[in-house]
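Visitor: Could you take me through the metal site and the ligand beside me on the screen, slowly, one piece at a time? I'd like a close look rather than a grand tour.

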Amino acid sequence: MFIDKAEVIVTSPDRNFVTLKLTTDDGLSGLGDATLNGREMAVVAYLKDHIVPLLMRRDASCINDTWQFLYRSAYWRRGPVTMAAIAAVDMALWDIKAKAAGMPLYQLLGGASRKGLLAYGHASGKSIEELFDSVRAHQQQGYKAIRIQTGVPGLASIYGVASNKTGAGNQGKRYDYEPAQRGAYPAEEDWDTRAYLRHVPTVFEAVRNEFGPELVLLHDGHHRMTPIQAAQLGKSVEPYDLFWLEDCTPAENPEALRWVRRHTTTPLAIGEIFNSIWDYQTIISEQLIDYVRSAVTHTGGITHLKKILDYAAQYQIKSGMHGPTDISPVGMAAAMHLGLAIHNFGIQEYMAHGEKTNQVFEQSFRWEAGMLHPGEKPGLGVELNHDEAGKYPYEQAYLPYNRLADGTVHDW
Ligand code: EZ4
Ligand code: CO
């Protein structure tokens with residue numbers, strides 16, 4: 001079974017997606033997600049110019065060998081562009097192998113370890129009232145676990161708060177926050193860590209009082225605090241029993257988490273911007289986190305993320321795979337198959353894709369009572385509708401960036 005066709009498809013139904021489609025000489029095809037939010041075309045060039053020519057006539061069944069060949073023969077290792085490109089090849093080859101076996105991919109990964117995947121959605125609101133509406137809307141959709149992000153008094157715009165009004169009369173509107181915006185330049189947002197630290201504990205107190213102890217609550221600090229500020233926040237939200245505090249400090253310095261750990265028992269999650277097992281070496285072996293946030297798409301595919309999660313399992317660290325809308329339905333399916341199979345699954349982030357996206361990507365996953373399941377179709381269970389994809393050409397889009405009140409650029 002040889003790879004004899006490789007297509008890189010860029011489509012922008014509700015947002016940009018990069019998909020690799022591999023086809024074998026016996027007519028099987030597999031899909032891989034290579035979407036890198038705001039830097040999509042770099043991965044397209046990496047795939048088209050440097051990887052596709054190497055794949056022609058390769059044995060499609062040799063997933064491990066192809067992974068090692070692409071990783072080591074490049075000489076230049078790791079990095080988000082390289083690892084997203086390798087991830088797409090890896091996913092597509094697993095899709096093909098599972099289709100050849102006539103099984104849903106999770107079966108080849110060892111079979112189901114659970115009935116379904118607990119998933120969390122994103123509630124947000126500028127005010128407490130809007131936030132409560134958004135939490136209720138998520139509960140109505142079945143969510144048992146909800147990430148809480150709110151506006152901060154004095155700040156005009158803030159990470160994680162949907163721009164759609166969520167009050168009465170707006171039912172049916174999207175509550176999910178979509179940070180990337182189409183246009184030629186990144187949007188500027190404002191930031192003040194002290195104001196944020198004062199406000200967030202009051203929000204969690206209000207949410208716990210309103211919704212009770214059972215609801216699983218999460219929060220994303222989005223890389224903005226110093227270690228000591230993160231420790232302060234972790235301590236101040238301890239009474240509200242967070243499932244995790246995510247990305248409390250910038251992820252480049254894993255040693256920062258030692259300081260956070262020393263001061264708080266709030267569970268920590270990190271890793272959505274990591275791309276290899278080496279990024280996790282210190283924080284897993286020193287047990288500085290509780291959840292691994294990597295997406296299959298950004299961490300070298302199923303082959304490599306499974307290694308990270310198996311390593312994490314030795315330290316009672318669980319999965320919490322990244323699942324925003326910039327992970328395509330293909331990347332989400334890969335996450336669901338992997339999450340269903342591994343023993344140390346923790347939780348899966350899930351932001352529903354828009355209608356156009358769901359027409360481009362025909363999917364077989366199920367959403368039931370707050371749980372995801374990848375479905376029983378052979379392979380990943382996702383097919384690309386080329387006619388639909390062709391309707392939506394690439395549109396330039398950027399993630400926002402932050403400035404402090406005095407104009408200094410801050411982590412976003
Ligand atoms: O900012 O997906 O936890 N989720 C997040 C996301 C990320 C975007 C970046 O592409 O932090 O909102
Ligand atoms: Co995040």
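Guide: Here's a walk through the metal site, then the ligand, then a few spots elsewhere in the chain. Keep in mind that this is a predicted model.

Let's start with the cobalt ion (ligand 2). Its protein donors are D220 (OD), E246 (OE) and E272 (OE), sitting 1.9 to 2.2 Å from the ion. Read along the chain, those donor residues follow the spacing D-x25-E-x25-E. D220 belongs to strand β8 (residues 216-220), while E272 is in the loop between β10 (268-270) and α9 (281-285), so this pair ties together parts that are 52 residues apart in sequence. Both ends of that pair are tucked away: D220 has a relative accessible area of 2%, which is under the 20% cut-off, so D220 counts as buried. E272 is buried too, with 10%.

What about the geometry? There are 6 donor atoms around the cobalt ion (ligand 2), and the angles they subtend run from 24 to 180 degrees, so the arrangement is classed as irregular. For reference, ideal angles are 90 or 180 degrees for six octahedral donors.

Now for ligand 1. It has 14 residues around it, and N37, Y159, H222, E272 and D326 come nearest. You've met E272 already, as one of the cobalt donors. On the polar side, a side-chain N or O atom of H222 is 2.8 Å from an oxygen atom of ligand 1. H322 brings a side-chain N or O atom to 3.3 Å from a nitrogen of ligand 1, and E349 has a polar side-chain atom 3.4 Å from one of the ligand's oxygens. As for cover, ligand 1 on its own has 320 Å² of accessible area, and the protein covers 93% of that.

Next in sequence after H222 is a backbone oddity. H223 is in the loop between β8 and α7 (227-236), and its phi is near 65 degrees, a positive value in a residue other than glycine. Most residues other than glycine have a negative phi. H223 is also buried, at 8% relative accessible area. D241 shows another positive phi, near 55 degrees, and is found in the loop between α7 and β9 (244-246).

T193 is worth a stop as well. This threonine is in helix α6 (residues 193-211) and is buried, with a relative accessible area of 10%. Its side chain makes a polar contact of 2.8 Å with that of W191. Setting aside residues up to four places away in sequence, T193 touches R224, M225, Q229 and H410.

P179 has its place in the loop between β5 (145-150) and β6 (181-182), and is buried at 12%. Not counting residues up to four places away in sequence, P179 touches Y398, L399, P400 and W412. By contrast, D133 is 46 residues from P179 in sequence, and their C-alpha atoms are 21 Å apart.

One last spot: T357, in helix α12 (residues 355-360). With 1% relative accessibility, T357 counts as buried. Beyond its neighbours within four places in sequence, T357 is in contact with P13, D14, F17, P329 and Q363.

Notes
Residues are numbered from 1 along each chain as its sequence is written. Chains are lettered from A and ligands numbered from 1 in the order in which they are written. This is a predicted model: local features need pLDDT of at least 70, side-chain atom pairs count only at pLDDT 80 or more; totals for chains, interfaces and linings use all residues. Side-chain values use heavy atoms; hydrogens and water are left out. Helices (H or I, at least four residues) and strands (E, at least two) are DSSP runs, numbered from the N terminus. Buried means under 20% relative accessible area, exposed over 50%, partly exposed in between (1.4 Å probe, protein chains only). Contact means heavy atoms within 4.5 Å. Donors are N, O and S atoms within 2.8 Å of the metal (3.2 Å for Na, K and Ca); water is not among the atoms, so sites may look incomplete. Four donors count as tetrahedral if all angles lie between 85 and 135 degrees; four count as square planar and six as octahedral if opposite donors are over 155 degrees apart and all others between 65 and 115; anything else is irregular. A residue is near a molecule or strand if one of its heavy atoms lies within 4 Å of it. A polar contact is a pair of N or O atoms within 3.5 Å; within protein, one must be able to donate a hydrogen and the other to accept it, and residues adjacent in sequence count only if both atoms are side-chain atoms. Accessible areas come from the Shrake-Rupley method with a 1.4 Å probe; for residues, only the protein chains shown count as cover.
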